[in-house]
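Hello,

Here is the structure I promised to pass on to you. Have a look at it first, and then read on for what turned up in it.

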Amino acid sequence: MKCRLCDRFFNLEDSFSFLFKFPQICPDCTESFMPKLKTEVIPITGGVINYHYLYERNLSHLQKTYLERHYIIFFKMMQKAETGDEIVVLIDERLLHDLKNWSKLIFSLGDVTIYSLQYHDLSYTNFLD
Ligand SMILES: [Zn+2]
């Protein structure tokens, strides 16, 4: 089997559990790519940005494509959110590219919750202006 994250071949001991479902990632990647929810609270003029992300390391395009399945963690957090008054943004690569353009509009409206798969330094947007 070929790991979908590191692109290396791996082999596991035969087991009945693999009869109907083969593992897609190797044991090393299973452990090292375990999602860990981290939160950064950034004060802005009209409130705070609650920035949630799952990976601090840089991810390749291939890894991002596979790991996007962990967005379910964010969707469950959104369902549990009680207020509903804040703005929620799920950042992907395309949205991050235009962040400087739309951040001034969003960050002036109050509390903002941002979710992204990997950590991005948002300070370059000058959100404290
Ligand atoms: Zn792997």
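Tyr-55 in β2 has Gln-118 as its bridge partner in β4. This is a predicted model, so please read everything below in that light. The two strands involved, β2 and β4 (residues 112-118), run parallel to each other and are joined over 6 bridges.

On to the other pairing of β2. Strand β2 covers residues 47-55 and pairs with β1 in the antiparallel sense, over 7 bridges. Two of the residue pairs may help you find your way: Glu-40 has Tyr-51 as its bridge partner in β2, and Lys-38 stands opposite Tyr-53 in β2. Together, β1 and β2 make a hairpin, with 2 residues between them.

Now the sheet as a whole. It is an open sheet of 4 strands with mixed pairing, and the order is β1-β2-β4-β3. Which strands stand at the edges? They are β1 (38-44) and β3 (87-91); each has a single partner strand, so one side of each is left without a neighbour in the sheet. On average, neighbouring strands of this sheet are turned by 20 degrees against each other, ignoring direction.

Next, the core. The largest nonpolar core has 10 residues: Ile-49, Tyr-51, Tyr-53, Leu-54, Phe-74, Phe-107, Val-112, Ile-114, Tyr-115 and Leu-117. The elements that give two or more residues to this core are β2 and β4. Tyr-51 is a good residue to click on here, as you have already met it opposite Glu-40. Leaving aside neighbours within four places in sequence, Tyr-51 is in contact with Thr-39, Glu-40, Ile-42, Ile-114 and Leu-122. Tyr-51 and Ile-114 are both listed in the core as well.

What about the rest of the chain? The domain assignment gives domain 1 as residues 1-33 and domain 2 as residues 35-125. The C-alpha centres of these two domains lie 30 Å apart.

One last residue to look at is Asp-7, in the segment before α1 (27-32). Asp-7 has a positive phi of about 65 degrees, although it is not a glycine. Is Asp-7 buried or exposed? Asp-7 counts as exposed because 12 other C-beta atoms lie within 10 Å, and the cut-off for exposed is 12 or fewer.

I hope this gives you an easy start. Happy exploring!

Best wishes

How values were computed: Residues numbered from 1 in each chain as written. Predicted model: local features only at pLDDT ≥ 70, side-chain atom pairs only at ≥ 80, totals over all residues. Domains from an automatic or database assignment. Buried ≥ 20, exposed ≤ 12 C-beta atoms within 10 Å, placed from the backbone. Pairing = 2+ DSSP bridges. Axes fitted to C-alpha atoms, helices over the stretch in contact; angles between N-to-C directions. Core = buried A, V, L, I, M, F, W, Y, C linked by C-beta atoms within 7 Å. Contact = placed C-beta atoms within 7 Å.
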